[in-house]
Amino acid sequence: LGGVGEVAVDDAHRKQGLATRLCRQARDWFWGQRGEVVFLGTVNPAAARIYRRLGWNRLPGTTVMAATRVGAWPESFLVDHFRSGSGEVSLRPLDAAARLPIIPLVLVAHPWQVLDVNLGLSSIRFTRQDRCMSLYPLYQRLAELPGGQVMAAWTPDGRLVGLASACPRSPGVVRLDGFSHPQFLDSWDVLIRSLLRRCLQQGATVCAVVSSEDEEKRARFAAIGFVVDDGTEEITIAEDRLSAQRLAYRGE
């Protein structure tokens with residue numbers, strides 16, 4: 001997996017094809033390293049035209065573009081990338097190895113409306129996804145907060161298939177949330193339980209907030225001991241106001 005970011009040309013040297021040459025060279029170097037796909041994000045129509053000429057195509061529901069070495073459409077790459085493999089998923093705290101694998105995981109059309117309320121992430125089925133190379137720094141900043149934690153689920157062959165976060169909300173109170181690829185949904189339970197144990201060992205009170213649309217997610221939280229607490233509230237995800245339910249952990 002590869003990613004292109006921070007493409008820039010000095011004002012005095014624009015309209016000379018420099019951005020095209022830079023991006024072509026970066027792309028070709030990566031193909032030479034046997035790379036399979038290069039992601040980038042742009043909201044600039046002029047830049048998008050350059051990228052399209054070089055083989056990048058936009059993923060529906062996003063401003064993210066991808067170019068594959070074999071010329072496949074990005075949607076086909078995502079399907080192949082997450083084909084079920086064998087072996088048990090393993091967990092480890094977020095590290096730099098997730099910087100690029102986090103991109104295809106977020107770009108899948110997840111059935112849940114809200115992927116992680118702590119990060120303001122929603123499924124591309126419901127809200128346009130504008131983040132690409134900035135996804136990992138978003139999680140990294142949360143993990144660096146006092147009391148903040150992020151746990152990642154990995155397959156034996158190195159695919160990132162789930163993420164969960166613990167975000168400090170007030171002294172002694174932590175909010176959990178997370179998501180996993182639909183083909184690896186069991187890893188969600190493992191991720192949340194792992195963070196839950198860590199938070200309880202630290203003496204924290206644990207809560208969650210789930211979109212009113214995400215009945216399956218709410219049921220999964222309930223199965224591990226979360227109950228509805230104080231009714232509903234509104235959350236903001238990508239500037240959209242959504243109705244949600246507050247949950248509190250009461251123990252299994």
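These exercises, with worked solutions, deal with contacts, burial and confidence in one predicted model.

Residues are numbered from 1 along each chain as its sequence is written, and side-chain values use heavy atoms, leaving out hydrogens and water. In this predicted model, local features need pLDDT of at least 70 and side-chain atom pairs count only at pLDDT 80 or more, while totals for chains, interfaces and linings use all residues.

**Exercise 1. Confidence**

Task: State the average pLDDT of the chain, and find which elements have the lowest and the highest mean pLDDT.

Solution:
- Step 1. Take the scale: pLDDT is the predictor's confidence in each residue, from 0 to 100.
- Step 2. Read the average. The chain comes to 93, and 99% of the residues score at least 70.
- Step 3. Take the elements: helices (H or I, at least four residues) and strands (E, at least two) are DSSP runs, numbered from the N terminus.
- Step 4. Rank them by mean pLDDT. β12 has the lowest mean, 83. Strand β8, residues 149-154, has the highest, 97.

**Exercise 2. The K217 salt bridge**

Task: Find the salt-bridge partner of K217, place both residues in the fold, and decide whether each is buried or exposed.

Solution:
- Step 1. Apply the rule: a salt bridge is a side-chain nitrogen of Lys or Arg within 4 Å of a carboxyl oxygen of Asp or Glu. Side chains of opposite charge can pair when their charged atoms come close. The count is twelve salt bridges.
- Step 2. Name the partner. K217 meets D177, with 2.7 Å from N to O.
- Step 3. Place the pair. K217 sits in helix α7 (residues 215-223) and D177 in strand β10 (residues 173-180), so the bridge ties together parts 40 residues apart in sequence.
- Step 4. Apply the burial scale: buried means under 20% relative accessible area, exposed over 50%, partly exposed in between (1.4 Å probe, protein chains only).
- Step 5. Classify. K217 has 1% relative accessibility, so K217 is buried. D177 also has 1%, so D177 is buried.

**Exercise 3. Two bridges to β12**

Task: For R250 and R246, name the acidic partner, give the N to O distance, and classify the accessibility of each residue.

Solution:
- Step 1. Start with R250. Its salt bridge is with D229, and the closest N and O atoms are 3.8 Å apart.
- Step 2. Place this pair. R250 is in the segment after β13 (240-249), and D229 is in strand β12 (residues 226-237), 21 residues apart.
- Step 3. Classify. R250 is exposed at 57%. D229 is partly exposed at 23%.
- Step 4. Turn to R246. Its salt bridge is with E233, at 3.3 Å between the closest N and O atoms.
- Step 5. Place this pair. R246 is in strand β13 and E233 in strand β12, so the bridge joins parts 13 residues apart in sequence.
- Step 6. Classify. R246 is partly exposed at 25%. E233 is partly exposed at 24%.
- Step 7. Look for a network. D189, E216 and R220 are linked in a network of salt bridges.

**Exercise 4. Aromatic pairs around F221**

Task: Name the ring partners of F221, give the geometry of each pair, and list the cluster that contains F221.

Solution:
- Step 1. Apply the rule: rings of Phe, Tyr and Trp (its six-membered ring) pair if their centres lie within 6.5 Å; planes under 30 degrees apart are stacked, over 60 edge-to-face and the rest tilted. The whole structure has seven aromatic pairs.
- Step 2. Take W188 and F221. Their ring centres are 4.9 Å apart and the planes are at 90°, so this pair is edge-to-face.
- Step 3. Place this pair. W188 is in helix α6 (residues 186-201) and F221 in helix α7, 33 residues apart.
- Step 4. Check burial. W188 is buried at 0%, and F221 is buried at 0%.
- Step 5. Take F221 and F226. This pair is edge-to-face too, with 5.0 Å centre to centre and 70° between the planes. F226 is buried at 3%.
- Step 6. List the cluster. W112, W188, F221, F226 and Y249 form one aromatic cluster.

**Exercise 5. Nonpolar cores**

Task: Say how many residues the largest nonpolar core has, and which of them touch the most other members.

Solution:
- Step 1. Apply the rule: a nonpolar core is a set of buried Ala, Val, Leu, Ile, Met, Phe, Trp, Tyr and Cys residues joined through side-chain atoms within 4.5 Å.
- Step 2. Count. The largest core has 56 residues.
- Step 3. Name the hubs. F39, I102, Y139, L163, L176 and F226 touch the most other members.
- Step 4. Look outside this core. Apart from it lies another core, of 16 residues, including A47, I50, L54 and W56.
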